[in-house]
Amino acid sequence: MDTRFPFVDWFRNSSPYINAHRGRTFVILIEGDAVSEGRGEQLIQDLALLHTLGVRLVVVLGIRPQVQGVMAADGIAPRRHQGRWVADEAIMSRVERIAAEQRLWLEARLSLGLPNTPLHGVEMTVVSGNLVMAKPLGVRDGVDFDRSGEVRRVRDTAIRGLLDQGSLVLLPPLGYSSTGEVFDLDAAEVARHTATALEADKLILLGEACGLLDEAGRLQRQLAPAEAEPRLAEAEPGSELARHLGAACAAARHGVARTHLLSWQDHDALLGELFTRDGVGTMITQHRYEQLRRAEIGDVGGLLELLEPLERRGMLVPRSRERLEYEIDDYVVIERDGMVIGCAALHTFGEARMGELACVAVHGDYRGGARGDRLLGEVERRARGRGLSALFALTTHTAHWFFEHGFRLAAIDDLPPLKRDTYNHARQSKILVKPIA
């Protein structure tokens, strides 16, 4: 009997990420719009699941729309400057009240454990407190910001101790001063400073947008801070884009491995980003998520998995683990988040000043992105560095790709003597040659 469930394959494929995330520290900013628009319950369930899987969580909760709603109802129009409002005593009293209400609401939801609820059997301890120290913004451009402040330092030792005890740490956008005052802070700034102080593995910013789009409207999956900062310069001061992108770039430059820009409007964004290889949002990182590099002995398992489908279809000659291990220095690979998704080999025939371009393969899910071109370019670069004058390739299925990249048909006599003697006449592979000198 076939009892296939659609989620089972996803669950199997997510197992490497479950293992990789266990014991890691994530700082997650949830903007207040997510709660005000009714997405809070789903996000709470996702937080509980991450906690159950062993992720150390610090949650920063935005409250801007809730405070704005109260001020509008009370007829208060806040003064704004440089993208921040001036938090006088009237505004600050409402900020403190809403922050307390939202904290209590989240704590109550994370305590829910009734049967037939997603959090049944999950016990979570939520801790908040004076964990973020602040200082006033002061007077800028002649404007006194009053109780609007900025982060002075994060009490990272105390937060680490709470995480070590298995607690979820909740941080409202408030900061405390050594003089006993409370300041209104920007939630994205709190999240960024916390992630940096904790040397967090991830900073996740849940806002309205799904990430960054290019000029054609396509989602940009990964950017370095230098690539993202031109967009930051164009953003309106105080806008969510400016706040999130500023936090992401600063965090990346100060040691946070990966910052993710996600949309709370996407029901599956948080789990989809964390437990699938390609994710659903934009990642800002100093480290390349996908890289072309020399193969290492630890890549042999990934190479076998990549090549097996092509060998089964007769497109490649089967290669044993022993052969791959012996020839591993000849290979270059494209690695994407720990998975080998492409490879090529350069076997050198020095006496003929020729090299064999062999085993060019790209995973079926990642074709069409010019990865084959990148592999060929790297092999050509290595061949020139070794003083070779030409590349040759043997193929039964992909001759046209080689033609498009400058190869021409050749005869068996054009091969180096050693390769000529071992040519498999039964396969009838086409022989192609490309000068590279």
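In the predicted model, a network of salt bridges links Glu-31, Asp-186 and Arg-243. Within this network, Asp-186 pairs with Arg-243, and the closest N and O atoms are 2.5 Å apart. The two residues come from distant parts of the chain, 57 residues apart: Asp-186 lies in the loop between β12 (182-184) and α7, whereas Arg-243 belongs to helix α9. Asp-186 has a relative accessible area of 12% and is therefore buried, since buried means under 20%. Arg-243, at 17% relative accessibility, also counts as buried.

Helix α9 (residues 240-253) takes part in a further salt bridge, between Arg-253 and Glu-229, with the closest N and O atoms 2.9 Å apart. This pair joins helix α9 to helix α8 (residues 225-234) across a separation of 24 residues. Arg-253 is partly exposed, at 41% relative accessibility, and Glu-229 is likewise partly exposed, with a relative accessible area of 30%.

The count of salt bridges in the model comes to 24. Another of them is formed by the side chains of Arg-147 and Glu-96, at 3.0 Å from N to O. Here the partners are 51 residues apart, with Arg-147 in the loop between β8 (143-144) and β9 (149-154) and Glu-96 in helix α5 (residues 89-110). Arg-147 is buried, having a relative accessible area of 12%, while Glu-96 is partly exposed at 31%.

The model also contains an open sheet of 8 strands with mixed pairing, in the order β5-β10-β2-β1-β13-β15-β16-β14. The edges are occupied by β5 (126-127) and β14 (222-223); each has a single partner strand, so one side of each lacks a neighbour in the sheet. Strand β5 runs parallel to β10 (residues 168-171) and is joined to it by 2 bridges. In this pairing, Val-126 stands opposite Leu-168 in β10.

Helix α7 (residues 187-198) packs on the sheet and touches β1 (25-30), β2 (56-61), β10 and β13 (202-207), its direction making about 175° with that of β1. Helix α9 lies across β1, β13, β15 (258-263) and β16 (282-284), and runs at about 175° to β13. Strands β1 and β13 are thus among those met by α7 and are also crossed by α9.

On the surface, Phe-7, Trp-10 and Phe-11 form a nonpolar patch, with about 340 Å² of accessible area together. Trp-10 is located in helix α1 (residues 6-21). Its relative accessibility of 37% places Trp-10 in the partly exposed class.

Note on methods. Residues numbered from 1 in each chain as written. Predicted model: local features only at pLDDT ≥ 70, side-chain atom pairs only at ≥ 80, totals over all residues. Heavy atoms only, no water. Pairing = 2+ DSSP bridges. Helix = DSSP H or I, 4+ residues; strand = E, 2+ residues; numbered from the N terminus. Contact = heavy atoms within 4.5 Å. Axes fitted to C-alpha atoms, helices over the stretch in contact; angles between N-to-C directions. Patch = residues over 30% accessible without salt bridge, like charges linked within 9 Å, V, L, I, M, F, W, Y side chains within 5 Å. Areas by Shrake-Rupley, 256 points an atom, 1.4 Å probe, with all protein chains shown as cover. Salt bridge = Lys/Arg side-chain N within 4 Å of Asp/Glu carboxyl O. Buried < 20%, exposed > 50% of the residue type's maximum accessible area, 1.4 Å probe, protein only.
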